[in-house]
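Trainee: I've got a new structure open and I'd like to learn how to read it. Can we go through it feature by feature?

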Amino acid sequence: MTRLLYIEASPMKTLSHSIDVAKQFLDAYRTAHPNHEIDTIDLWSQNIDLPEFDADMIGAKFAVLRAQNATPQQRAQWQRAVALSQRFNAADHYLFSVPMWNFGVPYRLKHFIDVVTLPG
């Protein structure tokens with residue numbers, strides 16, 4: 001099944017123009033492709049598990065990727081990043097709603113990209 005992943009990166013919700021445009025696109029997409037799956041990741045929701053990349057996570061990353069003796073805790077911590085990456089990689093198409101953010105991208109979107117582009 002074809003899968004579209006919608007990444008919502010605006011914290012403003014009902015006040016967000018980027019979300020409004022994305023929702024209009026999604027409505028048209030659903031009409032044109034009723035058999036396609038749409039997965040949504042709201043980067044500002046409490047439901048998204050963006051693992052922190054602190055010293056413990058970096059240690060877990062290197063222990064797992066370099067095939068060292070990773071502890072069960074390190075493997076579990078690394079699996080959080082892998083699960084999010086797999087969800088991202090499973091999509092065939094992507095839609096990002098991104099607000100203007102001091103002429104850059106929201107820090108939660110940057111964090112998400114950092115997680116899903118890790119090796120392994």
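Trainee: Let's start with the fold: how many helices and strands does the protein have?

Mentor: Keep in mind that this is a predicted model. The protein has four helices and three strands. Reading from the N terminus, the order is β-α-β-α-α-β-α.

Trainee: What box do the C-alpha atoms fill?

Mentor: Along the principal axes, the box is roughly 50 × 35 × 20 Å. About 7500 Å² of the protein is exposed, and carbon and sulfur atoms supply 55% of that. Of the 120 residues, 38% are buried.

Trainee: And what share of the contacts with a separation of 6 or more comes from residues 24 or more positions apart?

Mentor: That share is 74%. For a single case, look at alanine 9, in the loop between strand 1 (3-8) and helix 1 (17-32). Its C-alpha sits 9.8 Å from that of phenylalanine 112, although the two are 103 residues apart in sequence.

Trainee: Is alanine 9 buried or exposed?

Mentor: Alanine 9 counts as buried because its relative accessible area is 0%, and the cut-off for buried is under 20%. Beyond its sequence neighbours up to four places away, alanine 9 touches Leu43, Trp44, Ser97, Val98, Pro99, Pro106 and Leu109.

Trainee: What about a helix residue, say serine 85: buried or exposed?

Mentor: Serine 85 belongs to helix 3 (residues 72-89). With 11% relative accessibility, serine 85 is buried too. Outside the four places on either side in sequence, serine 85 is in contact with Val115 and Val116.

Trainee: Which residues of helix 2 are buried?

Mentor: In helix 2 (residues 55-65), look for Met57, Ala60, Lys61 and Ala63. The general idea is that an α-helix has 3.6 residues a turn, so residues three or four places apart point the same way. Helix 3 is part of what covers the buried residues of helix 2.

Trainee: Now the surface. Which residues form a nonpolar patch there?

Mentor: Tyr94, Phe96, Val98 and Val105 do, and together they have about 300 Å² of accessible area. Take phenylalanine 96 as the example: this residue is in strand 3 (residues 93-97). Phenylalanine 96 counts as partly exposed because its relative accessibility is 35%.

Trainee: How should I read salt bridges?

Mentor: Side chains of opposite charge can pair when their charged atoms come close. The rule used here asks for a side-chain nitrogen of Lys or Arg within 4 Å of a carboxyl oxygen of Asp or Glu. The count by that rule is eight salt bridges.

Trainee: Which residue forms a salt bridge with arginine 3?

Mentor: Aspartate 39, with 2.3 Å between the closest N and O atoms. Arginine 3 is in strand 1 and aspartate 39 in strand 2 (residues 37-42), so this pair ties together parts that lie 36 residues apart in sequence. Both arginine 3 and aspartate 39 are buried.

Trainee: What does a pair within one helix look like?

Mentor: Try arginine 30 and aspartate 27, whose closest N and O atoms are 3.5 Å apart. These two are three residues apart in helix 1, which means about one helical turn separates them. Arginine 30 is partly exposed at 42% relative accessible area, and aspartate 27 is partly exposed at 46%. Elsewhere, salt bridges with shared partners link Arg3, Glu37, Asp39 and Arg87 into one network.

Trainee: Where is lysine 13 found, and with which residue does its side chain meet in a salt bridge?

Mentor: Lysine 13 is in the loop between strand 1 and helix 1. Its partner is glutamate 8, at 2.9 Å from N to O. Glutamate 8 is buried, with 7% relative accessible area, whereas lysine 13 is partly exposed at 29%.

Trainee: Last one: backbone angles. What should I look for?

Mentor: Most residues other than glycine have a negative phi, and most peptide bonds are trans. Lysine 13 has a positive phi, near 50°. Asparagine 102 also has a positive phi, about 50°; this residue is in the loop between strand 3 and helix 4 (107-116) and is exposed at 72% relative accessible area. Alanine 67, just after helix 2, has a positive phi of about 55°.

Methods. Residues numbered from 1 in each chain as written. Predicted model: local features only at pLDDT ≥ 70, side-chain atom pairs only at ≥ 80, totals over all residues. Heavy atoms only, no water. Patch = residues over 30% accessible without salt bridge, like charges linked within 9 Å, V, L, I, M, F, W, Y side chains within 5 Å. Areas by Shrake-Rupley, 256 points an atom, 1.4 Å probe, with all protein chains shown as cover. Buried < 20%, exposed > 50% of the residue type's maximum accessible area, 1.4 Å probe, protein only. Contact = heavy atoms within 4.5 Å.
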